[in-house]
Amino acid sequence: MEETAIKEAMFYEKLERNMVRCYLCSHHCRISEGKRGICGVRENINGTLYSLVYGKLIASAVDPVEKKPLFHFLPGSSAYSIATVGCNFSCLNCQNYDISQMPKPNKPIYGEEVSPEEVVEAAKRYKCESIAYTYTEPTIFFEYAYDIAKLAKKEGIKNIFVSNGYITEEALREIAPYLDANNIDLKSFSDEFYRKVCRARLEPVLNSIRLHREFNIWIEITTLVIPSLNDSEENFRKIAEFIKNLDENIPWHVSAFYPAYKLTDLPPTQIETLDKARRIGLETGLKYVYQGNVPGEGENTLCPSCGKVLIKRSGYIVLKYSVKDSECPHCGAKIDGIWR
Ligand code: SF4
């Protein structure tokens with residue numbers, strides 16, 4: 001592993017006294033000369049903003065698309081999954097904190113030199129139908145992801161973000177023609193939660209979820225349920241109502257928390273709590289509510305009309321798949337998603 005090469009950033013403006021302001025994510029960092037933004041991977045060098053992570057892979061793997069999790073997007077297919085170091089959030093429960101927080105505040109940038117062409121070649125070699133920008137926050141390696149996504153599109157490979165939803169409208173607008181899907185975290189409906197647990201704000205996340213719909217990008221929403229922090233009925237109901245008001249066909253994943261990083265003093269999520277969240281989601285009118293990080297019936301896709309099991313899953317494995325022409329083969333109800 002080597003120290004990084006650098007590339008001039010997209011989405012920033014030059015200010016007085018060699019300062020810059022970054023507009024890639026909703027932090028809108030104002031960065032003095034010689035300093036980095038909150039993500040730790042964009043640095044002001046002599047009044048020009050640079051990405052420090054272009055072409056610097058810290059992780060790559062072939063994953064089932066179900067692991068993202070995307071349940072209504074080419075089920076059973078593989079996603080070539082990549083990440084660089086860095087993140088614009090600092091979640092206390094981050095499971096990948098060793099790479100997401102690695103470059104902060106001013107640490108060396110590590111990663112293997114891999115060009116966009118080589119990423120796409122690897123995806124083809126492993127017969128992946130998509131490339132997933134994941135593990136850390138893809139927004140912060142935007143320039144790299146954008147160049148890969150354009151090449152992938154030409155090769156008929158789809159592009160997936162797994163994101164905290166803090167991308168700005170101008171950045172999302174730029175990548176939207178190449179971005180097929182995004183699993184966006186809606187971690188809580190409380191701004192206080194976002195401030196205390198993630199060092200971010202709620203409203204920009206809600207805005208970007210709405211924008212993904214406007215730009216016609218397939219989205220699924222994930223809420224990691226953390227005991228005592230975001231597991232109230234009120235919180236579940238507010239999230240479910242927000243999704244329902246956008247579209248009742250958007251899948252909602254409620255996932256179990258396991259102690260990690262700075263939240264090792266909290267217990268894992270009880271299955272009863274996930275059952276409660278799922279019940280509230282369905283009562284609110286969402287058609288697809290899934291339980292994540294625990295095995296069971298909550299992994300399956302049921303027809304919202306006749307109730308038959310259309311996709312049976314175990315972990316990330318698809319055991320049965322019977323959606324046909326975007327419809328339930330039993331009753332003909334439309335099943336939203338990106339299917340074969
Ligand atoms: S991408 Fe990084 S530098 Fe840019 S606004 Fe977000 S946190 Fe700040």
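**Close-ups of a predicted model**

**View 1. A buried lysine meets a partly exposed glutamate.** Let's start with lysine 56, which is buried, with a relative accessible area of 0%. Keep in mind that everything shown here comes from a predicted model. The side chain of lysine 56 meets that of glutamate 113 in a salt bridge, 3.1 Å from N to O. Glutamate 113 sits in strand E10 (residues 112–113) and lysine 56 in strand E7 (residues 56–57), so this pair ties together parts that are 57 residues apart in sequence. With a relative accessible area of 41%, glutamate 113 is partly exposed.

**View 2. Glutamate 129 reaches arginine 340.** Here the two side chains form a salt bridge at 2.5 Å, N to O. The link spans distant parts of the chain: glutamate 129 is in the loop between H2 and E11, arginine 340 is in the segment after strand E19 (317–321), and 211 residues separate them. Arginine 340 counts as exposed at 55% relative accessibility, whereas glutamate 129 is partly exposed at 31%.

**View 3. Arginine 201 pairs with aspartate 191.** This salt bridge comes in at 2.7 Å, again N to O. Arginine 201 belongs to the loop between helix H5 (191–198) and helix H6 (203–214), while aspartate 191 is in helix H5, 10 residues away along the chain. Both partners are partly exposed: arginine 201 has a relative accessible area of 43%, and aspartate 191 has 22%. Elsewhere, Glu233, Arg237, Arg279 and Glu283 are linked in a salt-bridge network. Across the model, the count comes to 24 salt bridges.

**View 4. The largest nonpolar core has 50 residues.** Val119, Ile131 and Tyr133 have the most contacts inside this core. Several elements give two or more residues to it, among them strand E3 (20–22), strand E9 (78–83), helix H2 (116–125) and helix H3 (142–154). H3 gives the largest share, seven residues. Domain 1 (7–51) and domain 2 (56–321) both contribute, so the core lies between them. Zoom in on isoleucine 131 and you'll find it touching residues that include Tyr80, Ile82, Val119, Ala123, Ile148 and Ile160. There is also a second, separate core of 39 residues, and Phe236, Phe242, Trp252 and Ala277 are among its members.

**View 5. Strands E5 and E6 make a hairpin.** Strand E5 (residues 42–45) and strand E6 (residues 48–51) run antiparallel and are joined by four bridges. One of the residues to pick out is arginine 42, whose bridge partner in E6 is serine 51. Two residues lie between the strands, and asparagine 46 takes a positive phi near 55 degrees.

**View 6. Lysine 312 sits in strand E18.** This strand covers residues 309–314. Lysine 312 counts as partly exposed at 35% relative accessibility. Leaving aside residues up to four places away in sequence, lysine 312 touches Asn300, Ile317, Val318, Leu319 and Lys320. Leucine 302 is 10 residues away along the chain, and its C-alpha atom is 8.7 Å from that of lysine 312.

**View 7. Two buried cysteines.** Cysteine 29 is buried, with a relative accessible area of 15%. Cysteine 128 counts as buried too, at 5% relative accessibility. How many disulfides does a search of the whole structure find? The search turns up zero.

Technical notes. Residues numbered from 1 in each chain as written. Predicted model: local features only at pLDDT ≥ 70, side-chain atom pairs only at ≥ 80, totals over all residues. Heavy atoms only, no water. Buried < 20%, exposed > 50% of the residue type's maximum accessible area, 1.4 Å probe, protein only. Contact = heavy atoms within 4.5 Å. Core = buried A, V, L, I, M, F, W, Y, C linked by side-chain atoms within 4.5 Å. Domains from an automatic or database assignment. Pairing = 2+ DSSP bridges. Disulfide = S-S within 2.5 Å. Salt bridge = Lys/Arg side-chain N within 4 Å of Asp/Glu carboxyl O.
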